[in-house]
Amino acid sequence: MKIKDALIEGRKFLKNLEYTDPAFETRKILTELLNKDLYYLIAHDDEELEKSIEEKYFNVLTKRQEGIPLQYIFGKEDFYGRTFTVLENVLIPRQDTEISVEIILKLVKENNIKNMLEIGCGTGIVSITVDLESEGKINITSVDISPYAIKNSNINKKILKSNIKILKSNLFEKVDEKFDLIYSNPPYIKTSEIENLQVEVRNHEPRLALDGGSDGLCFYRKIIKKSQDYLNKNGFLVFEIGYDEAEDVSLLMRKNFNVEIFKDLNNLDRVVVGQLKV
């Protein structure tokens, strides 16, 4: 089968699936399998695929029909200019989280931040990226309750040569020091809305990393309540939030924090930053 024919047949496989962009995904799958870029596919669309590549291609397409995310199929995702390993049972990195990284790096630069705690590290994208982008100038501790997340973060730490400290901990349970900045992107989907998520999220990503309780705010409350015991004077508490949660999270923080809300590239509320009041 020629490359152009494989792309046509692949689009038929993915047609009418709500969670896919068939034209984009068929090209992405083939470039991954061939270890080539998009320009190669365009310039060599009459090239015959090796039988083994053709079989792998349609095997991946079948998995996509079942809703398995490409990040789990290929075991990786790009984030902030680096490629991170992604294991099954760990939340897949989202590009929106790059906004969190940019805000944290700005806070680090402008406030002489020496150390940071991340609660809920997942694949380790935020802690590792902040560590590498700041050239190791701040000490970072990263915790998660999931053994899969701990394993995944340790893999990326080793591959990307990061120096973050990784602990298995239920929120602050194993934390025994204070920090200049605490960051979390906690589970924030309302329990009642989990079943309305796209099938690839609902059926394949870990519910532990999605379910934020009846109102989606369960973990924000817990972290906000305890954070003052683990923040240094004038310390920062930074949250990634759901697009409709900025006001609710801000209200929970305003008693003890001066709060600012930041939007993402789609002009949706994405990050809440609180600085501990004196």
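Leaving aside neighbours within four places in sequence, which residues is Phe239 in contact with? The views below come from a predicted model, and the first one gives the answer.

**View 1. Contacts of Phe239 in the largest nonpolar core.** Beyond its sequence neighbours within four places, Phe239 is in contact with Ser184, Pro186, Tyr220, Ile223, Ile224, Val249, Met253, Arg270, Val271 and Val272. The largest nonpolar core has 28 residues. Ile182, Leu237 and Phe239 touch the most other members. Elements that give two or more residues to this core are β3 (115–119), β6 (179–184), α10 (218–227), β7 (231–240), α11 (246–253) and β9 (269–276). Another core, of 27 residues, lies apart from it. Among its members are Leu105, Leu107, Met116 and Ile128. In soluble globular proteins, nonpolar side chains tend to be buried together.

**View 2. The open sheet of seven strands.** Its strand order is β5-β4-β3-β6-β7-β9-β8, and the pairing is mixed. β5 (165–168) and β8 (257–263) stand at the edges. Each has a single partner strand, so one side of each is left without a neighbour in the sheet. On average, neighbouring strands are turned by 20° against each other, direction ignored. Inside the sheet, β3 and β6 pair in the parallel sense over four bridges. Met116 has Leu181 in β6 as its bridge partner.

**View 3. Helices α8 and α11 on the sheet.** Helix α8 (residues 147–159) packs on the sheet and touches β4 (139–144) and β5. The direction of α8 makes about 165° with that of β5. α11 also packs on the sheet, where it touches β7, β8 and β9. Here the angle between the directions of α11 and β9 is about 10°.

**View 4. Arg64 and its salt bridges to Glu25 and Glu200.** Glu25 and Arg64 form a salt bridge, with the closest N and O atoms 2.8 Å apart. The pair links distant parts of the chain: Glu25 sits in helix α2 (residues 22–34) and Arg64 in helix α4 (residues 51–65), 39 residues apart. Glu25 counts as buried because its relative accessibility is 7%. Arg64, at 1%, counts as buried too. Arg64 also forms a salt bridge with Glu200, the closest N and O atoms being 3.1 Å apart. Arg64 lies in helix α4 and Glu200 in helix α9 (residues 199–202), so this pair ties together parts that are 136 residues apart in sequence. Glu200 is buried, like Arg64.

**View 5. Further salt bridges.** The side chains of Arg202 and Glu195 meet at 3.9 Å, N to O. Arg202 is partly exposed, with a relative accessible area of 24%. Salt bridges that share partners join Lys2, Lys4 and Asp46 into one network. The whole structure holds 17 salt bridges.

**View 6. Helix α7 and its surroundings.** Why is helix α7 (residues 125–133) largely enclosed by the rest of the structure? Seven of its nine residues are buried, so the surrounding structure largely encloses it. The buried residues are Ile125, Val126, Ser127, Ile128, Thr129, Val130 and Asp131. Just after α7, Glu135 takes a positive phi of about 55°.

**View 7. Cys121 and Cys218, neither in a disulfide.** The structure has zero disulfides. For Cys121, the nearest cysteine sulfur is that of Cys218, 19 Å away. Cys121 counts as buried at 3% relative accessibility. Cys218 is partly exposed, with a relative accessible area of 25%.

Note on methods:
Residues numbered from 1 in each chain as written. Predicted model: local features only at pLDDT ≥ 70, side-chain atom pairs only at ≥ 80, totals over all residues. Heavy atoms only, no water. Salt bridge = Lys/Arg side-chain N within 4 Å of Asp/Glu carboxyl O. Buried < 20%, exposed > 50% of the residue type's maximum accessible area, 1.4 Å probe, protein only. Core = buried A, V, L, I, M, F, W, Y, C linked by side-chain atoms within 4.5 Å. Contact = heavy atoms within 4.5 Å. Disulfide = S-S within 2.5 Å. Pairing = 2+ DSSP bridges. Axes fitted to C-alpha atoms, helices over the stretch in contact; angles between N-to-C directions.
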